Amino acid sequence: MPFARLNRATTPTSHIGLGLAAVGRPGYITPHRDRDLPGDRGVDALRARTHELLDAAYAQGVRYFDAARSYGRAEEFLAEWLTARPDVTDVVIGSKWGYTYTADWRVDAETHEVKDHGPATFERQYAETTGLLGDRLDLYQIHSLTADSPALSDKDLHARLAELAAGGTTVGFSTSGPGQSDAIRAAVAVTVDGEPLFRTVQATYNALDTSAGAALAEAHDAGLTVIVKEAMANGRLAGTEAPAVVQEIGTEAGLDAVALALVLHQPWAGVVLSGAVTVTQLAANLHAPLLDLDPERLDRLSALVEEPEAYWRHRASLPWS
C-alpha cells in the first residue's frame, strides 16, 4: 500500500495530511472565509493559494494530499503542483469519486455538488481524475459512502474497483452522516474473490462527534488505513470559534492544535487531515503532534461530545460562504 511510505517517514507531521476541499473552489462550509481567503477568489487566486499551502506543507513534512472530483479544481491545482516538482516522489495522493461539482465557481449556487455512486459516474470521474493526476494517483475513494449506498451491493462496480486495485491503485471509501459506523462495518465486509475490496476508510471524528470511533478501531484491526477528516468540525473547534475548554487547553499548552491532537491520540488514526486555508493555520495545525493530552485533559474534552444526529444536523445547516 502507498501508505507504507508514511509508516517509514520519521517526521511527526508525516501523519498529518492536507485536504483541499476548502481551497479548490470559492465556496465551502467553514466560517470566516472572507477573512482567510484573498478578496479575489478567482481560479488563479485559489490556484496560487493551493500551491502556497502545498509548498508549506511539504516543506514541513506533510506527505499525504487529499482531493476529490467535487472539490472544484482541487485535482487540477494539485496536478499542476506535482508536474512543476518532478523531484517530489515521496508523497501519497488521494482523490475521490461519487460527487459532481455543479456550482460553476459560484459561492451562491443553489446546488454545489450532486451525489451518484453508480458505475457510469465512476467510469466518467475516474477518467477525469487520471486525466489530471495520471499515475500519481495512489488512492481512489468512494465519496461519502452511507449504509444505503448502492455502491455497497453493486457487484459489477466491485469488480471494476478490484481491477483498479490489481493495477496498483488503492481503493478506499469515505463516510459522512450519523450512520458512519454502519457504513464502515458494511464496507469492511465487502469482498471480491474472497479478498477485502477496501483498504482505507476516511471518516469524520472529532471532539464533538466520536461516534465512529469503535468502527474505525475495528477497521484498523482489519488492516485498513484510517484517514480522519473534519477534525476541526468545519471550524467549530478552531480559534475563537472553539469551545472554552479547547481554548483553555490550547493556552495551557501554548499550542493551538488541540482538536487535531485529540485525533492523533487515537491509536487507530493513520492520517489526520488539516483543512487549513492559510499558511498560518497550517503551521498551527502541524504543532498537534507536540501537544500532550494527559488523562485530565482528555476527560475535559470528552464533555464536548454531542449526539451524532445533532452534530450532523448542525453541519447540514452551515452556510456555503
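**Exercise 1. In which strand does S144 lie, and is S144 buried or exposed?**

Keep in mind as you work that this is a predicted model.

Step 1. Find the residue: S144 belongs to strand 6, which spans residues 139-145.

Step 2. Check its accessibility. Buried means under 20% relative accessible area. S144 has a relative accessible area of 7%, so S144 is buried.

Step 3. Look at the backbone. Most residues other than glycine have a negative phi. S144 is not a glycine, yet its phi is positive, about 55°.

**Exercise 2. Find where A233 lies, and work out whether A233 is buried or exposed.**

Step 1. A233 sits in the loop that runs between strand 11 and helix 9 (244-253).

Step 2. The relative accessibility of A233 is 1%, so this residue counts as buried.

Step 3. Now the backbone again: A233 has a positive phi of about 55°, although A233 is not a glycine.

**Exercise 3. Place strand 6 in its sheet: in what order do the eight strands close into a barrel?**

Step 1. Trace the strands around the barrel; the order is 1-2-3-6-7-10-11-12, with parallel pairing. On average, neighbouring strands of this sheet are turned by 25° against each other, direction ignored.

Step 2. Go to strand 6 and strand 7 (residues 170-175): they run parallel and are joined by five bridges. Y140 stands opposite V171 of strand 7.

Step 3. Add the helix. Helix 7 packs on the sheet and touches strand 6, strand 7 and strand 10. The direction of helix 7 makes about 160° with that of strand 7.

**Exercise 4. Which residues of helix 13 (residues 308-317) are buried, and what covers them?**

Step 1. List the buried residues: P308, Y311 and W312.

Step 2. Ask how they are arranged around the axis. They cover an arc of only 90°, so they are on the same side of helix 13. It helps to recall that an α-helix has 3.6 residues a turn, so residues three or four places apart point the same way.

Step 3. Turn to the other side of helix 13, where R313 and S317 are exposed.

Step 4. Find the cover: helix 7 (180-188) and strand 10 (200-204) are among the elements over the buried residues of helix 13.

**Exercise 5. Describe the surroundings of T225.**

Step 1. T225 is found in strand 11, residues 225-229.

Step 2. With 17% relative accessibility, T225 counts as buried.

Step 3. Leaving out residues up to four places away in sequence, T225 touches M1, F3, R199, T200 and V201.

Conventions. Residues are numbered from 1 along each chain as its sequence is written. This is a predicted model: local features need pLDDT of at least 70, side-chain atom pairs count only at pLDDT 80 or more; totals for chains, interfaces and linings use all residues. Side-chain values use heavy atoms; hydrogens and water are left out. Helices (H or I, at least four residues) and strands (E, at least two) are DSSP runs, numbered from the N terminus. Buried means under 20% relative accessible area, exposed over 50%, partly exposed in between (1.4 Å probe, protein chains only). Contact means heavy atoms within 4.5 Å. The arc is that of the directions from the helix axis to the C-beta atoms. Two strands pair if DSSP finds at least two bridges between them. Axes are lines fitted to C-alpha atoms, for helices over the stretch in contact, and angles run from 0 to 180 degrees between N-to-C directions.
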